[in-house]
Structure formats: C-alpha cells, structure tokens
Amino acid sequence: ALATAAAPNAGAPTAAARGERGPVSSAAPKPHGPTAREAWTARIVEPVAARSAPRADAAAMRQIGTVAPFWGGPNVLLVLGSRTVGGERWLDVLLKGMPAGSHGWIPARAALLARTDRRIVVDLSERTLVFQRAGRTRLSTSVVVGAPVSPTPVGQFAVDAVAEEPPGSVLGPRVLALVAYSRTLAHYQGGIPQAAVHASDQLGDPLGTAASHGCVRAPQTVVNRLLSLAPRGTPVLIRR
C-alpha cells in the first residue's frame, strides 16, 4: 500500500453541479460502464459536487476539483455508468478516497469525456496481471498480491496517476497508483492505504505469492511498460 494524504475540499458546488445550464444534446456521447473492450473516462474541467443520485437536489457526497487529489495533475475519473434525468446527463463516477469503490453522480457538462480501449485485469486467485487493448491481451505477468491479513481490494477500480518515489525506493522510481484502497487497513505509514502497482525486484517475495500490504508487485520491466501504456482513468479490474 502507498500512504497518501487526505483529499482536499474543492469548494462549494458550482452552477454545473446545480444543473443550471440547458439540456444535453441528443448527439452527445452516451457513456456506459467498463466492458472488456472499452470504457469511458471523465476529466473534470469545473469543480463539482458528487451527489448520491443523478439530480441536483441529491445529497452532496464529496467535492471534486479539476486537480487530482494526492498526486496533482488532471483529475481523470472512471465512468461507471450514465443516466439522463430531466434533460440533464449525469455520470456515475468512481471517487478517489476511502472507502474503496465509492462512487457518485456528477453532471456530464462538468467533465471532458473520452473513450479508452485499455484495461488492466488482476486475478488474485491466479496471481496474475494482464494488460488488454480492445479485449485482447498485450502483456501478462505473474505478480505478488496482498497477504491474507492485508488483501488486495477486489472490485472495479482505475489508474489514479504515475507517482514518483524517493531515490533508492524499493518500490522502484515510479509506481502506478490506483483508485483502490485497502478494506482491512485504516491507515498505512500515517496516510491513506492506497493500492498501487509497483516493482517487486527488491522486496524478496517470489512472484505468484500473497505477501504485500495490498499492492500488486510486478517485475520492474513490466511496471515500466505499464507506466506508459495505462494513463489516468484506465480501468483496473481486480477479481478473485
């Protein structure tokens, strides 16, 4: 697990969050949840409130800013589904922060939508990681997964960011931070227990074992390839 600080508050809901603009065009894209062949991402372009339901008067769950919490840079979220209510298109997005798998609804006009054919699949039973494009496997490796006392979280997650590590880190120079958080650890090294894909080379545990604090460990050569192949928002399915 990586230790990350708590997400900052992005401020009060904006006009976009309150649904004060006109109805969505019928020609606008209709994003859906991730499949084996494609998924949608939403880059936040205007601060907005994530709500408990797809309507402007639903309870605000979290404030979402244009800058990614923890790591900085663009805030790109995975779209889990969409719905049009009263002429307004809403997106169900995966939220960054605990508990793992949290999601909320934002108006589509607060985000820039993009389609991706990339995804990562981690199988905890097989202890493997595969990278796919349009449903076809392009990269596969054995990995180290979470130990029984600190298992890797299961669910539909996404790539958060490429995170730089301090010089000489046993995790490698850069890791692939995930929008996935431990369900058994409340904290890790003083921060939020965020899962990541990082190097296994200097940590000693053999590939194919369950020994981490929840992260997925892969050979450094594989991590290096994933850093360039899987941009922010790339869906990450972790299954048993």
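How many of the 240 residues of the protein chain count as buried? In this predicted model, the share is 50%.

## Overall make-up

The protein chain has two helices and 18 strands as its secondary structure. Among its contacts with a separation of 6 or more, 64% join residues 24 or more positions apart. The chain exposes about 10400 Å², and 52% of that area is supplied by carbon and sulfur atoms.

## The annotated active site

The UniProt record, an unreviewed entry, places the feature "active site" at His 198 and Cys 215. These residues span 18 residues in sequence, but no two of their C-alpha atoms are more than 7.4 Å apart, so they gather at one spot.

His 198 lies in strand β15, which runs over residues 192-199. With a relative accessibility of 3%, His 198 counts as buried, because buried means under 20%. Beyond its neighbours within four places in sequence, His 198 is in contact with Leu 171, Val 175, Leu 203, Cys 215, Val 216, Arg 217, Ala 218 and Val 223. Cys 215, the other annotated residue, sits in the loop between β16 (210-212) and β17 (216-218). At 1% relative accessibility, Cys 215 also counts as buried.

## Two nonpolar cores

The largest nonpolar core has 32 residues, and those touching the most other members are Ile 120, Leu 129, Leu 176, Val 197 and Leu 226. At least two residues of this core come from each of β9 (118-123), β10 (128-133), β13 (155-164), β14 (174-181), β15, β17, α2 and β18 (235-239). Strand β14 gives the largest share, five residues. Another core, of 15 residues, lies apart from this one and includes Trp 40, Ile 44, Leu 95 and Ala 111.

Leu 129 shows what such a core member touches. Leaving aside neighbours within four places in sequence, Leu 129 is in contact with Ile 120, Val 121, Val 122, Leu 139, Ser 140, Thr 141, Val 143, Val 197, Val 216 and Leu 226.

## The two sides of helix α2

Helix α2 covers residues 220-229, and its buried residues include Gln 220, Val 222, Val 223, Leu 226 and Leu 227. These five are on the same side of α2, because they cover an arc of only 155° around the axis. Thr 221 and Ser 228, on the other side of α2, are exposed.

Two residues on the buried side recur above. Val 223 is among the contacts of His 198, and Leu 226 is one of the residues that touch the most other members of the largest nonpolar core.

How values were computed:
Residues numbered from 1 in each chain as written. Predicted model: local features only at pLDDT ≥ 70, side-chain atom pairs only at ≥ 80, totals over all residues. Heavy atoms only, no water. Buried < 20%, exposed > 50% of the residue type's maximum accessible area, 1.4 Å probe, protein only. Helix = DSSP H or I, 4+ residues; strand = E, 2+ residues; numbered from the N terminus. Arc of directions from axis to C-beta. UniProt positions renumbered as here; feature names shortened; annotations may be inferred. Contact = heavy atoms within 4.5 Å. Core = buried A, V, L, I, M, F, W, Y, C linked by side-chain atoms within 4.5 Å. Areas by Shrake-Rupley, 256 points an atom, 1.4 Å probe, with all protein chains shown as cover.
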